[in-house]
Amino acid sequence: NRQYVVAAAQLGPIARDESRASTVARMVALMRKAKSRGAEVVVFPELALTTFFPRWYLEDEAELDRFYETAMPSDETRPLFDAAVELGLGFYLGYAELVQENGRKRRFNTSILVDSSGEIVGKYRKIHLPGHFEHEPWRPFQHLEKRYFEHGDLGFPVHEAFGGTMGMCLCNDRRWPETFRVLGLRGAEMVMLGYNTPLHYPLAPEHDHLQNFHNHLCMQAGAYANGCWVVAVAKAGHEEGCDLIGGTCIIAPTGEIVAQTQGFGDELALAEVDLDRCKEIRENIFNFALHREPEDYAPICAP
Ligand code: CDT
């Protein structure tokens, strides 16, 4: 089936001390609501299971580790997988991943695709990690993704699922045209992504009023220039003293926003997605085989 309803499942703020059980219950409630409104796929935000912890400089490793998942599913996250099976829903989930490899801890900002039989059918580890490595006390809040995560080591894979070719990315990746182009070259028909975007950007506060504009600008351009659907989901609202933008949306391959949330809490935006509409763009203005000129694009791939 290449035509179905997709639900973008925005989450409102998650408190630092909110339990996984509580967050997962909020998410399962959104899955049930999405199902009742006809959805077959639900997309959750980046780091959907916890507060956006890179805003704090955490010196205590045990305290940091509490924000990561060491198993997926775990006892705490299994209700999401059970709900997928019960409701016949697939989902995208962003979370902090902690794995032990060769006796050392590796940390990634990760997303997975889970199908309606509860199987993990795709995994992505965030490539464009924003922010900084060191504690910078002058900032009103930190953005320590470069400290808390390694560069993703899986590239930008695509996955056959949900009736077509699916791609994933996470938050800052959406600002980079290369993300969408690599996924587009691999045939992605729908790109799912979650984000946590502070309204205030301490390095250029004069751009704060452009945060919502830039959010949609880069994703609408990515959808259009690659002829794919984009489902983009915020963790929104006033979270632990930091305002996060909303603007969760579903974008058609023409670049048009076809559904959008209105507020900053737990909320669904739904749209009927027809994967065959990718052809409107991919067989015309962005017919890669006919019009792309890669021999003139060398600097894009130079380090
Ligand atoms: N989570 C994430 O990637 N957020 C970034 C904030 C950029 S400012 C440090 C984003 O691109 O929205």
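1. Helix H6, residues 211–226, lies across four strands of this predicted model. The strands are E8 (190–195), E9 (229–234), E12 and E13. The helix runs at about 30 degrees to E12.

2. The strands under discussion belong to an open sheet of six, ordered E6-E7-E8-E9-E12-E13. Its pairing is mixed. Strand E6 (158–161) and strand E13 (257–260) are the edges, and each pairs on one side only. From one strand to the next, the twist averages 20 degrees.

3. Look next at the E13 end of that order. E12 covers residues 249–251 and runs antiparallel to E13. Three bridges join the two strands. Which residue is the bridge partner of isoleucine 251 in E13? The partner is isoleucine 257.

4. There is also an open sheet of six strands in the order E5-E4-E3-E2-E1-E14. Pairing is mixed here as well. The edge strands are E5 (120–125) and E14 (267–274), each paired on one side only. The strand-to-strand twist averages 30 degrees.

5. Within this sheet, E3 (residues 90–101) and E4 (residues 104–114) run antiparallel. Eleven bridges join them. On this pair, leucine 98 stands opposite arginine 107 in E4. As background, strands of a sheet pair through backbone hydrogen bonds, either parallel or antiparallel.

6. Helix H3 (residues 78–87) packs on the sheet and touches E3, E4 and E5. Its direction makes about 145 degrees with that of E3. Helix H1 (residues 20–36) lies across E1 (3–10), E2 (39–43), E3 and E14. H1 runs at about 45 degrees to E14. E3 is thus touched by H3 and crossed by H1.

7. Now the ligand. How many residues surround the ligand? The count is 13, and the closest are Lys126, Cys171, Asn172, Arg175 and Thr197. By class, the shell holds five charged, four polar and four nonpolar residues.

8. Polar distances are worth checking by eye. A polar side-chain atom of threonine 197 lies 2.6 Å from a ligand oxygen. For asparagine 196, a backbone N or O atom is 3.1 Å from a ligand nitrogen. An N or O atom in the side chain of arginine 174 is 3.3 Å from an oxygen atom of the ligand.

9. Is the ligand covered or accessible? On its own, the ligand has 360 Å² of accessible area, and the protein covers 92% of that.

How values were computed. Residues are numbered from 1 along each chain as its sequence is written. This is a predicted model: local features need pLDDT of at least 70, side-chain atom pairs count only at pLDDT 80 or more; totals for chains, interfaces and linings use all residues. Side-chain values use heavy atoms; hydrogens and water are left out. A residue is near a molecule or strand if one of its heavy atoms lies within 4 Å of it. A polar contact is a pair of N or O atoms within 3.5 Å; within protein, one must be able to donate a hydrogen and the other to accept it, and residues adjacent in sequence count only if both atoms are side-chain atoms. Accessible areas come from the Shrake-Rupley method with a 1.4 Å probe; for residues, only the protein chains shown count as cover. Ala, Val, Leu, Ile, Met, Phe, Trp, Tyr, Cys and Pro count as nonpolar, Asp, Glu, Lys and Arg as charged, and the others, Gly among them, as polar. Two strands pair if DSSP finds at least two bridges between them. Axes are lines fitted to C-alpha atoms, for helices over the stretch in contact, and angles run from 0 to 180 degrees between N-to-C directions. Contact means heavy atoms within 4.5 Å.
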